[in-house]
Amino acid sequence: MATTELRGMVGPGPAAIAAPGGGGAGPPVVGGGGGRGDAGPGSGAASGTVAAASSGGPGAGAGGVAAAGPVPAPPAGGSGAGGSGSAREGWLFKWTNYIKGYQRRWFVLSNGLLSYYRSKAEMRHTCRGTINLATANITVEDSCNFIISNGGAQTYHLKASSEVERQRWVTALELAKAKAVKMLAESDESGDEESVSQTDKTELQNTLRTLSSKVEDLSTCNDLIAKHGTALQRSLSELESLKLPAESNEKIKQVNERATLFRITSNAMINACRDFLMLAQTHSKKWQKSLQYERDQRIRLEETLEQLAKQHNHLERAFRGATVLSANTPGSASSVKDQCCSGKGDMSDEDDENEFFDAPEIITMPENLGHKRTGSNISGASSDISLDEQYKHQLEETKKEKRTRIPYKPNYSLNLWSIMKNCIGKELSKIPMPVNFNEPLSMLQRLTEDLEYHELLDRAAKCENSLEQLCYVAAFTVSSYSTTVFRTSKPFNPLLGETFELDRLEENGYRSLCEQVSHHPPAAAHHAESKNGWTLRQEIKITSKFRGKYLSIMPLGTIHCIFHATGHHYTWKKVTTTVHNIIVGKLWIDQSGEIDIVNHKTGDKCNLKFVPYSYFSRDVARKVTGEVTDPSGRVHFALLGTWDEKMDCFKVQPVIGENGGDARQRSHDAEESRVTLWKRNPLPKNAENMYYFSELALTLNAWEGGTAPTDSRLRPDQRLMENGRWDEANAEKQRLEEKQRLSRKKREAEAMKATEDGTPYDPYKALWFERKKDPVTKELTHIYRGEYWECKEKQDWNSCPDIF
């Protein structure tokens, strides 16, 4: 939650510069900064290209180094309604850093995006940063200050020239946010549709030609009405000149008056139609020009990005060739590899396992590790694909022993740009991705990996002191991210109704069950119970957006941990994960944000802060700090560590300060009370060839008998990929997704028919979990309803759907 692939649920890497915190000198810390940073070395939009909406990247920050000089006074009027199609634009003061403080920047609000520049003239070539209001929170601090944050990856601390000006901006931002959220929902509903193709463009041109033809017909009809109206008037005048009875003359007079009224009305209609025709022709040309301009801009942007990607691949290949030549000397290969694998926070672009080459490669697989891959694509999906029998028998014979290796990952060539250029701005879960971006585990199995350090909960269950227990729960929370350091591959999206069980009751005292309970949005429910006195449950929804330069993953949902002996009930939520350098450069990932762990029985709390990486900080990378407080707010324990290595705990004893008040414990006393709560287990040997799996991850997809027919271990495309047969895995993945799509359409048709008939319709319900209100958080969530392990004991799987 490998190298240059889009595969991010979680993984390593530094992040943006943290916004300054605390005190009166600047705004409080809300999260990592966004954008390129003011004059910082971040990766903003290149000169001459359209500024990208994505604004993360190494070196990005809420405050980079701002231009020197005093803070300029705002102009009269501050800002106002913007021109050139923008909803609002004008000057605001943006917090940069403690040296420069607030600096004046030109902000533009347009199409749900807030962008800023150093000056109005800079709008033509360089955007300093952009934040998407659809996922942002707008907070008012005081009369002139307000904050815009999207949950940790980007935060802007802004100040207006007056309270009235601040209110105008906040109102405009709230309106733009509401509109952006509505547009986002509409785009999600149509997320499965493909992008505009050449056929769509031809259809659009045909439609415009048809409309133009109809407008010409309307003009011709107007001319005919005028012509026939004049002829009718002439005929009536001729009738009046004839000698007819007085009664007939009276009738003719009435008809003539009505014909005059008709002529006046028809003339008015003709004039209105003529005006409409002129307006339609004028605006049609403008719309066509605007559409063509936007289309040309998009094509230029795509060509620029594609050229950058090709140049970067060429440079990496050239560097790799030089590395291979230098590696011919004795001992150099291992030293280079060790430097690449062991350098913590290393941000170089070198990577000894580049997955994406434009030139094809010949790939061979060791015979004992899996099947040889074919060089061509498989035509058609093979629904009768099964496990290799020899491999299956081997697993059956040794199923009591946990496996310590899987087939090595093949170095498969792939043109990344051809797949990614049409994915910008879309929900990641709705993009059909080939298995080349995946690792051979499903999201349900990745969720189960949270239990790798279950012994922390075992120790917490034995604690008599609730505050000490909270320290272990906090360490367990941080430990769940340790498996993500090198894991930049994307797990398989589970099919609706897919399950995964992990029965470690005999070995470790716990067993776990996950089920995919929703497809759009993707949501998985998890329940784990231990005979050592604890229960862990959660429902996690993954929302993600790919913006071309970075990918944000926002896990939504609450995690619950209940200890049976004391009844202590803890809850917390996960932080935001940001994957950087999606198109160009070495992938790096950072966790950023805050976690509040609450004991609902005692009121104890623990606040954990995941500090974003900064190039300019001397702190260790991936740093996590925390404090454990009692209900009165007094700090009892301080936590310090990193989310990829270890967590330490310090007991805080108040000492008398110089002025007679309480002060925190002195540093040398704190060192004496240091206790290591958790330390990461080393990776298995040759882990770099096995997707950087941990010892637990290597066992998760091992075949086991007696599981439900919906278990992830039985998923054929995932098994084929693990065995190195990626072409077959891609074909099988398409078959499974089409099968799931047909099932969804069938449910929708049944629901529509039930609505028309007025009969009650039962929507999709999870098999092993029940959706109800949580008694503690009052949220609607899926809670385990039981019966799975009883059904497994009886081998009664009649209620399981056919999803594979």
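**Aromatic contacts, salt bridges and strand pairing in the predicted model**

One aromatic cluster is formed by W768, Y788, W789 and W797. The structure described here is a predicted model, and the cluster belongs to a set of aromatic contacts in which 16 aromatic pairs are counted. In the pair made by Y116 and Y156, the ring centres lie 5.4 Å apart and the planes meet at 85°, so the arrangement is classed as edge-to-face. This contact links distant parts of the chain, since Y116 belongs to strand β4 and Y156 to strand β8 (residues 155–159), with 40 residues separating them. Both Y116 and Y156 are buried. A further pair joins Y453 and W678, whose ring centres are 5.6 Å apart and whose planes stand at 85°, so this pair, too, is edge-to-face. Because Y453 is placed in the loop between α7 (443–448) and α8 (455–462), whereas W678 is in strand β26 (residues 675–679), the pair ties together parts that are 225 residues apart in sequence. Y453 and W678 are both buried.

Aromatic rings also take part in contacts with charged side chains. K159 is positioned over the face of Y102, at a distance of 4.6 Å from the ring centre, and R622 lies over the face of W643, where the distance to the ring centre is 5.8 Å.

With respect to the chain as a whole, the secondary structure consists of 14 helices and 28 strands. Of the 804 residues in the chain, 48% are buried, while the area exposed by the chain is about 39800 Å², of which carbon and sulfur atoms supply 54%. On this surface, a nonpolar patch is formed by I225, F262 and M269, which together have about 250 Å² of accessible area. M269 is located in helix α3 (residues 246–326), and this residue is partly exposed, with a relative accessible area of 38%.

The strand β4, which contributes Y116 to the aromatic pair described above, can be followed in its immediate surroundings. Four of the five residues of β4 (residues 113–117) are buried, so the strand is largely enclosed by the rest of the structure. Strand β3 (residues 101–110) is joined to β4 by five bridges, and the two strands run antiparallel. Within this pairing, V108 has S115 of β4 as its bridge partner. The hairpin of β3 and β4 has two residues between the strands, and N111 in this hairpin takes a positive phi near 55°. Strand β5 (residues 129–132) is also paired with β4, through four bridges and in an antiparallel manner; here the bridge partner of L114 is I131 in β5. In a regular strand, side chains alternate between the two faces of the sheet.

Side chains of opposite charge can pair when their charged atoms come close, and the count for this model comes to 33 salt bridges. One of these is formed by R446 and E449, for which the closest N and O atoms are 3.8 Å apart. R446 counts as buried at 5% relative accessibility, and E449 likewise counts as buried, at 2% relative accessibility. Another salt bridge connects E722 with R719, with the closest N and O atoms 3.1 Å apart. Both E722 and R719 lie in helix α12 (residues 716–722), where they are three residues apart, about one turn of the helix. E722 is buried, its relative accessible area being 2%, and R719 is buried as well, with a relative accessible area of 5%.

A salt bridge within helix α13 (residues 726–757) has the corresponding spacing along the chain, as R741 and E738 are three residues apart, about one turn of the helix. The closest N and O atoms of R741 and E738 are separated by 2.7 Å. R741 is partly exposed, at a relative accessible area of 33%, and E738 is also partly exposed, at 36%. Beyond such individual pairs, salt bridges that share partners join E439, R446, E449 and R487 into one network, in which the buried residues R446 and E449 are included.

Terms used
Residues numbered from 1 in each chain as written. Predicted model: local features only at pLDDT ≥ 70, side-chain atom pairs only at ≥ 80, totals over all residues. Heavy atoms only, no water. Buried < 20%, exposed > 50% of the residue type's maximum accessible area, 1.4 Å probe, protein only. Areas by Shrake-Rupley, 256 points an atom, 1.4 Å probe, with all protein chains shown as cover. Patch = residues over 30% accessible without salt bridge, like charges linked within 9 Å, V, L, I, M, F, W, Y side chains within 5 Å. Salt bridge = Lys/Arg side-chain N within 4 Å of Asp/Glu carboxyl O. Pairing = 2+ DSSP bridges. Phe/Tyr/Trp six-rings, centres within 6.5 Å; stacked < 30°, edge-to-face > 60°. Lys NZ or Arg CZ within 6 Å of the ring centre and 35° of its normal.
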